[in-house]
Every structure is written in C-alpha cells, then in structure tokens.
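Trainee: I would like to go through this model one piece at a time. Where should we start?

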Amino acid sequence: MKPTTLPVKARAHTNIALVKYWGKKDEDLIIPQNSSLSLTLDQFYTDTAVQFRDELAADQITFNGRTLTGDAQRKISRFLNVVRDLAGITEFASVETTNHVPTAAGLASSASGFAALAGAASRAAGLQLAPRDLSRLARRGSGSATRSIFGGFAAWQMGHNDEDSYGYPIAENVNWDIAVVAVVLTTAAKKISSRQGMRAAVKTSPYYPAWVQTATQDFETVRKAINDKDFETLGHVSEENAMRMHALNLSADPSFTYFNADTLRAMAIITDLRAAGYPCYFTIDAGPNIKVLCQKLAVEKVVSSLQSAFGEDAVLVVHPGPGLTFITD
Ligand code: PMV
C-alpha cells in the first residue's frame, strides 16, 4: 500500500451499551465473553486526522491540542502498528484528535476515539476497508469502539477470533421515539479502568458464568425489542443488564464498584419517576455517571428532576447518532 499524501480526517460518535461488554476471552485481540449491543449518540464525537509521513522519526500524537507522551502515546502507537502491518508500510504518523465530548460530560471517549482513528489511519495508510473490517480494526483499540463504526442501534458479535469478532448495524436509522438523558455526577478520572475491572470480574466473581448466560439472553431480547419498537422491554432489560454487570464488580474479590452516593440517588430518582408513570430507565457504564433512556413524554420531567438534584449543567439530552464518516475540509 501507499500512504496518502494528505491527512485523512474521520469522525465517529460515542455509544452507550444497552447490553454491556464486560470481560474478555482474549486480552490481546480483545475478543469478548459475550456479544453486546448499543446506541450511538449524536452529540458526543471525536474528529481525528492522520497522515503517515516519511520524515517522521516517531508517531506524533496530539489530543485536544496537547502532545501525548508515555502510556497514552504508546497505546495509540501500538494501534498504529496494527494498521502499518495491515497495509505493509513502515512510516510513522502524525495524529491530531479533537474530542467533542463536552469536557464536563464525563462520558467514555475511547469508543468514538478508536473508531475515528481506525477510519482515518486505515485510509491514510492506503487501505479501503469495508465497515465490518473497520469495526474489527477499531476493536483492537477498544472493545466498545467496534460498535461506534455504525450509527443508531449497533451490535458487536463476540466471535472467537480476529476474523469473526466484529460490529454490525441493527437499525442505523432510529425512526422511533427514544432519547438519552446523560447526567454528569463527576468528571474525575475513574480509579479502576474498564480493562482492570473486567479482568477482576472474569477472574474472581462467582457470578461470572451467570452473567455470560443472562447477557446472551438479554442480547436476543433487546434485539427483538428494537425490531418491535418496544420501548418498555428495551428499557427494562437494558437497566437490568447494567445492574448485573455492576453486580459482578460488587461480587469480585476484592469487591469494588463504580457507583458513588450520587449514582444511587440518581437511580432512585429514575425508579420513582417510572413508578409515577414516566417511561424512563437508567444504564451505567464503567463510571459513576448515569444515562437515562426515555421517551419524549418523560424527557422534560426526567431533566427537571435530575437538574434539581444535581444542578442545571449536569444534565444533557442527546439522541441517536450516525456512524463513522470521513470529513473533507
Ligand atoms: O471498550 P472499553 O474498554 O471502554 O469497555 C467498555 C465497557 C462498558 O462501557 C462498561 C460496556 C460497553 O459495552 O461499552
């Protein structure tokens, strides 16, 4: 392959998992223990420009204008090595990444980050990968990035090896009533990375085999609910799936949790609103912040209730978003 002479720029959006990925079968290739399913979101995205250049003596990576060093730099360089191997090139790259996840959003950016990087780096290396192969490549950076290649509802088939562990769209155009209210309870970096957390859960939670079993059922139920536009089943099963994922962490040895006191308060607010007839369900990733799946008629009430508890700026309303795109300036 021949690298492009101009930088290639790609944009990918973050996603929220409804059926979570929590545990790997292969740590190196990032092959998960269960298939997962998510909704790509419209307002949180990453733009990344990549160019492989002869004159560089090392990869040069900037993130929101700052040059990366140490572990963060090595992680991206390792990913670029996968791209270089695939394309049969040796040039180092300049990588410029801008995150459009509101800095205070406290939402994971590794999904949008590695999906955008997979798109930009592969094209800049001269490769023309089909979406499935882009998702396999994104997977090598971060599991959740596998799904961010696609818009709307997307899945990651666990598979067993590099070839058959990939993402695919379930419904790219979400033409039904669904919104996500994101609540930012803290912007502090988490103490336990998702890699460490899932490793501990797989190794030490006695409930891990039950997780794999129920997550597999949840995947089928949520997929059918999407097909049937059945919001209640989708919300109910997503919330339950999130709680079971977090139960793995509570039942690990040593026990740990991503929840803080505000997470529990926010959960109680949503449970009460639901009991009062508002269609809303929460889900939580590897951090204390919560996201609420809502239908239109609940959005206003969910937003005002969460704002009175956590402040106006803590609450954002987002909607289903698109998959990977290439940007020409
Ligand atoms: O892809 P990672 O390493 O950021 O792990 C993602 C883990 C969860 O967000 C908790 C679940 C998921 O499927 O996205």
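Mentor: Start with a sheet: four strands form an open sheet, and the pairing is antiparallel. Strands here are DSSP runs of E of at least two residues, helices are runs of H or I of at least four, and both are numbered from the N terminus. Two strands pair if DSSP finds at least two bridges between them.

Trainee: Before we go on, what kind of model is this?

Mentor: Residues are numbered from 1 along each chain as its sequence is written. Local features need pLDDT of at least 70, side-chain atom pairs count only at pLDDT 80 or more, and totals for chains, interfaces and linings use all residues, for this is a predicted model.

Trainee: In what order do the four strands of the open sheet stand?

Mentor: Strand 11 (280–283) and strand 13 (315–318) each have a single partner strand, so one side of each is left without a neighbour in the sheet. The twist averages 25° from one strand to the next; axes are lines fitted to C-alpha atoms, for helices over the stretch in contact, and angles run from 0 to 180 degrees between N-to-C directions. The order is 11-12-10-13.

Trainee: Which residue stands opposite Cys280 in strand 12?

Mentor: Strand 11 and strand 12 (residues 290–294) run antiparallel and are joined by four bridges. The residue of strand 12 opposite Cys280 is Cys294.

Trainee: At about what angle to strand 11 does helix 6 run?

Mentor: Helix 6 (residues 231–250) lies across strand 11 and strand 12. Helix 8 (residues 296–310) also packs on the sheet, and its direction makes about 5° with that of strand 10 (179–183). Contact means that the C-beta atoms of two residues, placed from the backbone, lie within 7 Å. For helix 6 and strand 11, the angle is about 25°.

Trainee: How far apart are the centres of domain 1 and domain 2?

Mentor: The protein is divided into domain 1 (8–175 + 322–327) and domain 2 (179–318), with bounds from an automatic or database domain assignment. Their contact takes 26 residues from domain 1 and 32 residues from domain 2. Taken over C-alpha atoms, the separation of the centres is 23 Å.

Trainee: Which element gives the most to the side of domain 1 that touches domain 2?

Mentor: The elements giving two or more residues to that side are strand 1 (8–19), strand 4 (36–53) and strand 9 (166–171). With six residues, the one that gives the most is strand 4.

Trainee: Why does the ligand lie between the domains?

Mentor: Of the 13 residues around the ligand, those that come nearest are Ala17, Tyr21, Gly143, Ser144 and Ser194; near means a C-beta atom, placed from the backbone, within 6 Å. The ligand lies between the domains because its shell takes residues from both domain 1 and domain 2.

Trainee: Is the peptide bond from Asp253 to Pro254 cis or trans?

Mentor: Most peptide bonds are trans. Pro254 lies in the loop between helix 6 and helix 7 (261–275). The bond from Asp253 to Pro254 has omega near 0°, and is cis.
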